[in-house]
Amino acid sequence: MTEDVLDPLSVAREQAYAMPLDQIDVSRGDRFQADTVWPFFERLRREDPVHYTAQSAFGPYWSITRYHDIMAVETNHAVFSSASGISIFDLSEDFPLPMFIAMDPPKHDAQRKVISPAVSPQNLAKLEPIIRARAGRILDELPLGEPFDWVDRVSVELTTQMLATLFDFPYEERRKLKWWSELTTNDMSATMTIEAVRAELMACAAYFQRLWDERKDGPAGADLISMLARGESTRDMPPMEFLGNILLLIVGGNDTTRNAISGGLLALNQHPEAYARLRADPSLIASMIAEIIRWQTPIAHMRRTALADVELGGKIIRKGDKVVLWYASGNRDETVIDDPHAFVIDRPRPRQHLSFGFGIHRCVGNRLAEMQLRIVWEEILKRFPRIEVIGKPVRLKSCLLRAIDSLTVVIPERHPPGIS
Ligand code: HEM
């Protein structure tokens, strides 16, 4: 770790251990932006793993910070419901967007089943060559010897291309997917009115409605829109539920994979010994991908709401309380993961992490995300001996997405022909 990264972290450590425990509020976006939230999580895991914050920008909430407590909540969906919202933010009452990630059984299960075939091993095998060819093209167009933004040129491009492939979305218009995703997840209040945001989202709904209408009676396609248009539990969705589920799939596949691609390159640059081992032995890619997803934890938390009074870790959580599952903290739980702040590309159990959640809502796109990352790294290693991060990462001010907005890099050279 470089000194300028270490310094704010030491300051944060002092603050985290000096402040009264009940004042700790890990939902502050500025600490995620500065990447200094870690000591606050560490203190909670040690001293108050089921922690109540009485006042925050999002109202009162519980923080669950240990690995096994998070699993306990995730597997108890009869008590911890997703239906009142899945992030710490409150749901909008006048612009509700029902989506199956924010539903409980039985409706959740029925809708999830409809889209699952899109990410089945058979379908992924069909998508792999398309994704590989598109990834190769993006990498071949990168400049050598001059700085550029890795997020914009690579991470965003690769993920929007993958999404366009999954939706069978008009390829040349794929950046619309990124825009709609950002409108859904980012705070746009500095640049747009809420009405303007909603108008854009309705334009998204209209766009997808056209694709839906074209496909609903055509030959059965393996793309997500055809599956939703034909699925028994999804074909008659009301308009806002249609939009909600489309946005779920866009956001689900967009910010997450994008930030794993950016975070992986950053991690390798911060751990040069790991980068050297990877270059010497590309067969480590598979376990490295899982480690990247743990290390980055692209979704920092999910939330549940208690449907009844319930005891957890010696605390009584009341009916109606917000319960925030901090995957970012669970993935750094030193009682479960050895040396959790280190980036170790050959951990014995690399897929032991919480980044995809657990239980009935566990990420349905997890194998697709892993495949995408594997392809990217296979194609990178074929072409470039090194990619150097030369600037500080610019991170998003958010306690939901651990997102890297820009990452300046230089690629010094390409492998000579015939060598990879
Ligand atoms: C590294 C990449 C990804 C990460 C870290 C990630 C993370 C997550 C997390 C944390 C959840 C909620 C789990 C829970 O509440 O227990 C989730 C659910 C979901 N993800 Fe992903 N995801 C990724 C990639 C994708 C991709 C590529 C798609 C493809 C479309 C996708 C689609 C979804 C959907 C539809 C759900 C809702 C599942 C349900 O409620 O049953 N995700 N994901």
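## Strand pairing and the three-stranded sheet

Two strands count as paired if DSSP finds at least two bridges between them. In this predicted model, strand 4 and strand 12, the latter covering residues 408-410, meet that criterion with two bridges and run antiparallel to each other. Within this pair, phenylalanine 148 lies opposite valine 409 of strand 12.

The two strands belong to an open sheet of three strands, ordered 4-12-9 and paired in the antiparallel sense. Its edges are formed by strand 4 (148-149) and strand 9 (388-389), each of which pairs on one side only.

## The five-stranded sheet

A further open sheet is built from five strands in the order 1-2-8-5-3, and its pairing is mixed. Strand 1 (50-53) and strand 3 (80-81) occupy the edges, and because each has a single partner strand, one side of each is left without a neighbour in the sheet. Helix 4 (residues 67-74) packs on this sheet, where it touches strand 1, strand 2, strand 3, strand 5 (301-306) and strand 8 (322-326), and the direction of helix 4 makes about 130 degrees with that of strand 8.

The mixed character can be followed at strand 2 (residues 61-64), which pairs with strand 1 in the antiparallel sense over four bridges and with strand 8 in the parallel sense over three bridges. Tyrosine 52 stands opposite tryptophan 62 in the pairing with strand 2, while serine 63 faces valine 324 in strand 8. In a regular strand the side chains alternate between the two faces of the sheet. In strand 2, Tyr61 and Ser63 lie on one side and Trp62 and Ile64 on the other, and all are buried, so that both faces of the strand are covered.

## The nonpolar core

The largest nonpolar core comprises 103 residues, and those with the most contacts inside it are Ile64, Leu224, Ala300 and Trp326. Helix 11 (residues 239-270) makes the greatest contribution to this core, with 13 residues. In soluble globular proteins, nonpolar side chains tend to be buried together.

When neighbours within four places in sequence are left aside, leucine 224 is in contact with Ile115, Ala118, Leu166, Phe167 and Leu249.

## The contact of helix 11 with helix 15

The axes of helix 11 and helix 15 (residues 366-383) come within 10 Å and cross at roughly 35 degrees, and the crossing is right-handed. On the side of helix 11 the contact involves Thr256, Thr257, Ala260, Ile261 and Gly264, which meet Ala369, Gln372, Leu373 and Val376 of helix 15. By class, the residues of this contact are five nonpolar, four polar and no charged.

## Backbone exceptions in the loops

Most residues other than glycine have a negative phi, and most peptide bonds are trans. The bond from proline 105 to proline 106 is instead cis, with omega near 5 degrees, and proline 106 is placed in the loop between strand 3 and helix 5 (107-115).

Aspartate 168, in the loop between helix 7 (150-167) and helix 8 (175-185), has a positive phi near 50 degrees. Aspartate 339, in the loop between helix 14 (327-330) and helix 15, likewise has a positive phi, near 45 degrees. Because a residue is exposed if 12 or fewer other C-beta atoms lie within 10 Å of its own, and buried if 20 or more do, aspartate 168 with 15 such atoms is partly exposed, whereas aspartate 339 with 9 counts as exposed.

Methods. Residues numbered from 1 in each chain as written. Predicted model: local features only at pLDDT ≥ 70, side-chain atom pairs only at ≥ 80, totals over all residues. Core = buried A, V, L, I, M, F, W, Y, C linked by C-beta atoms within 7 Å. Contact = placed C-beta atoms within 7 Å. Axes fitted to C-alpha atoms, helices over the stretch in contact; angles between N-to-C directions. Left-handed = near helix turned anticlockwise from the far one by under 90°. Nonpolar A, V, L, I, M, F, W, Y, C, P; charged D, E, K, R; others polar.
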